[in-house]
Amino acid sequence: MNEIEHYISQFEPEIQSRLEILRQLFFEVLPETEESIRYKMPAFKVGKHHLYFAAYKKHIGFYPVYGLTEIEEEVSEFRAKKTKDSLHFMLDKPLPIELIKKIITLKSKL
């Protein structure tokens, strides 16, 4: 079990499933993605940058999402209050799969 798998295994099965889906999206969009643990969160190297996710009681945080003006309207509904770069995917709603793929793609080109 690698570090990311260990991180995911700490959560309830429903949350594990969401985290694993999120993890696999990185490899679907960027097959050569490098993953690691940074700041105690799963981290994925996309181009010159990293994207991170972390599970919480009511949501999955996704960071940092800034500088993507072309999709700002799409991400705005997920933007965490009082932040510029954090998205919250609530556990009681479906993951926005296509939006996450766009974010990964766009961040990899910055």
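Let me begin with one residue, His59, which counts as buried because its relative accessibility is 14%, and buried here means under 20%. Before going further I should say that what we are looking at is a predicted model, and everything I describe this morning should be heard with that in mind.

Staying with His59 for a moment, you will find this histidine in strand β4, which covers residues 59–63. If we set aside the neighbours within four places in sequence, His59 is in contact with Ala54, His88, Phe89, Met90 and Leu91. One of those partners deserves a second look, since the side chain of His59 makes a polar contact with the side chain of His88, at 3.3 Å.

Now let me turn to another residue, Arg18, which lies in helix α2, running over residues 13–29. Is Arg18 buried or exposed? With a relative accessible area of 13%, Arg18 is buried, because the cut-off for that word is under 20%. Where does the side chain of Arg18 reach? It reaches the backbone oxygen of Lys93, at a distance of 2.8 Å. Lys93 also appears in the list of residues in contact with Arg18, again leaving aside neighbours within four places in sequence, and that list further holds Ile60, Met90, Leu91, Pro94 and Leu95. Met90 and Leu91, if you recall, were also named among the contacts of His59. As for Ala55, it is 37 residues from Arg18 in sequence, while the two C-alpha atoms are 9.4 Å apart in space.

Let me step back to the whole chain. The protein chain has 4 helices and 5 strands, and, read along the sequence, these follow the pattern α-α-β-β-β-β-α-β-α. For a chain of 110 residues, a compact globule would have a radius of gyration near 13 Å, and the protein chain has 13 Å, so the two agree. Along its principal axes, the C-alpha trace spans about 35 × 30 × 25 Å.

As to how the chain packs, 45% of the 110 residues count as buried, and among contacts between residues at least 6 apart in sequence, 51% join residues at least 24 apart.

Finally, a word on the surface and the charges. The protein chain exposes about 6,700 Å², of which carbon and sulfur atoms supply 53%. There are 17 positive and 17 negative charges, and the mean positions of these two sets are 7 Å apart.

Notes: Residues are numbered from 1 along each chain as its sequence is written. This is a predicted model: local features need pLDDT of at least 70, side-chain atom pairs count only at pLDDT 80 or more; totals for chains, interfaces and linings use all residues. Side-chain values use heavy atoms; hydrogens and water are left out. Helices (H or I, at least four residues) and strands (E, at least two) are DSSP runs, numbered from the N terminus. The radius of gyration is taken over C-alpha atoms; the globule rule is 2.2 Å times the number of residues to the power 0.38. Buried means under 20% relative accessible area, exposed over 50%, partly exposed in between (1.4 Å probe, protein chains only). Contact means heavy atoms within 4.5 Å. Accessible areas come from the Shrake-Rupley method with a 1.4 Å probe; for residues, only the protein chains shown count as cover. Lys and Arg count as positive and Asp and Glu as negative; His and the chain ends are not counted. The place of a charge is taken as NZ of Lys, CZ of Arg, CG of Asp or CD of Glu. A polar contact is a pair of N or O atoms within 3.5 Å; within protein, one must be able to donate a hydrogen and the other to accept it, and residues adjacent in sequence count only if both atoms are side-chain atoms.
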